[in-house]
Number of protein chains: 2
Amino acid sequence: MGAKRLAGRQRGVTLADVALLAQVSEITVSRILRNHGPIGADTRERVMAAVRQTGYVPNRLAGGLASSGSKLVGVIVPSLTNIVFPEVLGGIRSALEGTGFQAVIAVSDYDLATEQALIASLLAWKPEAMVIAGLDHTEMARAMLVGSGVRIAEVMEIDSQPIDLAVGLSHRQAGFDTGQYLLGRGYRRFGYVGHDWTSDHRAKLRYDGLVAALAEAKVALVETCRFEGPSSVGAGRDMLAQILARRHDLDVVVFSNDDMATGGVFHCLGAGIRPKQDLALFGFNGLDVGQALPTPLSTVRSNRFLIGKTAIEKLLGQRERPEGREIIDTGYDIITGATA
Amino acid sequence: MGAKRLAGRQRGVTLADVALLAQVSEITVSRILRNHGPIGADTRERVMAAVRQTGYVPNRLAGGLASSGSKLVGVIVPSLTNIVFPEVLGGIRSALEGTGFQAVIAVSDYDLATEQALIASLLAWKPEAMVIAGLDHTEMARAMLVGSGVRIAEVMEIDSQPIDLAVGLSHRQAGFDTGQYLLGRGYRRFGYVGHDWTSDHRAKLRYDGLVAALAEAKVALVETCRFEGPSSVGAGRDMLAQILARRHDLDVVVFSNDDMATGGVFHCLGAGIRPKQDLALFGFNGLDVGQALPTPLSTVRSNRFLIGKTAIEKLLGQRERPEGREIIDTGYDIITGATA
DNA sequence: GGCGCTTATGTTAGCGCTGTCATTCGGTGG
DNA sequence: CCACCGAATGACAGCGCTAACATAAGCGCC
């Protein structure tokens, strides 16, 4: 009949309340809620009714403590406003779907000290695995990760040795291939427009690879321009204007990523410079914006979704940390586009 | 001297281990780690040394259970790839900084059933507050939220009644003001390009407001075109092409948001249509991309960061759920731009 | 010199679950 | 007819921590 309104005041419904109402023991309720062990059909019915009636919500803190397993996966990314990381998270979510695991996302703001603090904070929740963007950590952070014993995937790059598992692509190689591609297309007077790489050191790796490719062909980078801040469309636009003011003879400009390159295209459109014909532009990432441009961006597609998905699949596939390290190359493709 | 390597094998270091090593009771260690209560300087020293030596990481599951307070704030957003939500999260993180609270982010994919499941899942972690995008939930979801007793902020929109606290802007009003603004500029032949609003019903509210403003001036929406899917730059570009193929006499097109509108600008640039002179374009959100365009987008700036920040500040300002509901309008500004 | 007060530390009981090891009960086969 | 089995359920201890209430010691003060 009428639900009792005053019941369950303040301190919530517990397993004991449900058990009492359903006339079974707590453990039976617990088993039913977790589909664990054999349960009589009528008992299950009765218990589920009691759960519904009381509006019982399990307490995962208690559950996790009792079973020493939280069903949590810690994830640390440097940013969420750089769209590549939400895309990695998309892959993670997709792989986590239906496993009963839940991701806990933390953002380090491209700061290793913050990252270290977040690692400590996340480990305190006893996650069953961790996914971290990048291979670069403080010594303390690395020690905590190693000491935790949980499986660790370091994602996005594979240019140095991971703690346990690395999933991503070689940014140095991508930069190198960019150089070779552009050289192959006949470009010789290279400019580079980048952003702050003390924080985004993968951008630096790509730059290094690019320079190495050019060096092999005895071609020098004519001019370089870096924005002291995070990458953005606006910064790319301004920096291209700046580099072009300094040098009029460039035939190609390589950008640190697609955001910057999109800004570059905007500058060209505003200044009456025809992409490719007058000046070639090249990005990195293969973002949707760049491909929707009137002149689709020539760029390198990194497989962000796949990176996240693969990392989780591998991690959950083997729960014990293995002896050796593993490195998975998710590769990349050069997109020819219309700007180079 | 040498640290014992074999110690602490498998099941981690606990408070008891640290206490033993530091020759104090567990509670003393606990107090020191939480800066709680008076502690002698030498004791603190000794304990901290023991913590360092053992590499102790507190178990928050146990801590939370014992103190029935997790220091967690649950956050549910429909998407992370739509940049506005990461921006809200930025505000949330900023307000959470230094409070000891941590946000747990979950993504509903614009699906109310998923949202309901996430609410159940997050409540199981006994968060001390919840932030949810939107006012629209399943009945069950609403019941769980109400029943939980925790403070709830529903963010982004304030067009209907919240459970506890709403922080955002009136999308209907924003749409209305958009209409009035454009009418004031002399536009009379309106087109609308949108995306799937069964999922994004705030876009629908803005549309309704727009239509209402036009109706007041006895102006009709000449043509409408909606993409059956999430908003994106590419979709905006294609849809504008499509609507222009159907009608050649439009003098302004209103887009469901800046992503779509940016795509619209791209189409214009590719098709030789001069924004504003030949066709006015109007967006919503005030994203950076739109403002970096050769012709900065005319749009409405919603204050996403402020929304997140304000929600958390209010929530943590008063931990008990108050009697009445509160609605905070973070407002918006019309950005004149160069496209309308 | 005993009262109250502050500072520093300890003891005791759980928080709400789940792992482990019973226990009960109706078949089953030798 | 009884040892034996599997299916269904329960009793109990304890996960690792912290709130709440002691306890102990030092200090000023009338």
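Here are four short exercises on the model above, each with a worked solution.

Before you start: this is a predicted model, where local features need pLDDT of at least 70, side-chain atom pairs count only at pLDDT 80 or more, and totals for chains, interfaces and linings use all residues. Residues are numbered from 1 along each chain as its sequence is written, and chains are lettered from A and ligands numbered from 1 in the order in which they are written.

**Exercise 1. Work out where chain A can be trusted.**

Step 1: start with pLDDT, the predictor's confidence in each residue, from 0 to 100. Chain A averages 93, and 97% of its residues score at least 70.

Step 2: look for weak spots. Over residues 1-9 of chain A, pLDDT stays under 50, and the model has 1 contact there beyond four places in sequence. (A contact means C-beta atoms, placed from the backbone, within 7 Å.)

Step 3: where pLDDT is low, the predicted coordinates should not be read in detail.

**Exercise 2. Find how chains A and B are related.**

Step 1: superpose the copies by least squares on the C-alpha atoms of residues with pLDDT of at least 70 in both. Chain B lands on chain A after a rotation of 180 degrees with 0.0 Å of shift along the axis, RMSD 0.1 Å.

Step 2: the two copies are thus related as by a two-fold rotation axis.

Step 3: compare the contact surfaces. Both copies use the same one, as 100% of the contact residues of chain B recur in chain A.

Step 4: find the residue of chain B closest to the axis. That's B:L61, with its C-alpha at 2.4 Å.

**Exercise 3. Describe the side of chain B that touches chain A.**

Step 1: count. 42 residues of chain B are in contact with 42 residues of chain A.

Step 2: list elements. Those of chain B giving two or more residues include α4, α5, β2 (102-107) and α6 (112-123). Helices (H or I, at least four residues) and strands (E, at least two) are DSSP runs, numbered from the N terminus.

Step 3: sort by class. This side has 23 nonpolar, 13 polar and 6 charged residues. Here Ala, Val, Leu, Ile, Met, Phe, Trp, Tyr, Cys and Pro count as nonpolar, Asp, Glu, Lys and Arg as charged, and the others, Gly among them, as polar.

**Exercise 4. Map the protein surface near DNA strand D.**

Step 1: take residues whose C-beta atom, placed from the backbone, lies within 6 Å of the strand. Of the 26 residues, A:P38, B:L15, B:S30, B:G63 and B:A66 come nearest.

Step 2: assign elements. α4(B) gives the largest share, 5 residues.

Step 3: sort by class. You get 12 nonpolar, 11 polar and 3 charged residues.

Key. Contact = placed C-beta atoms within 7 Å.
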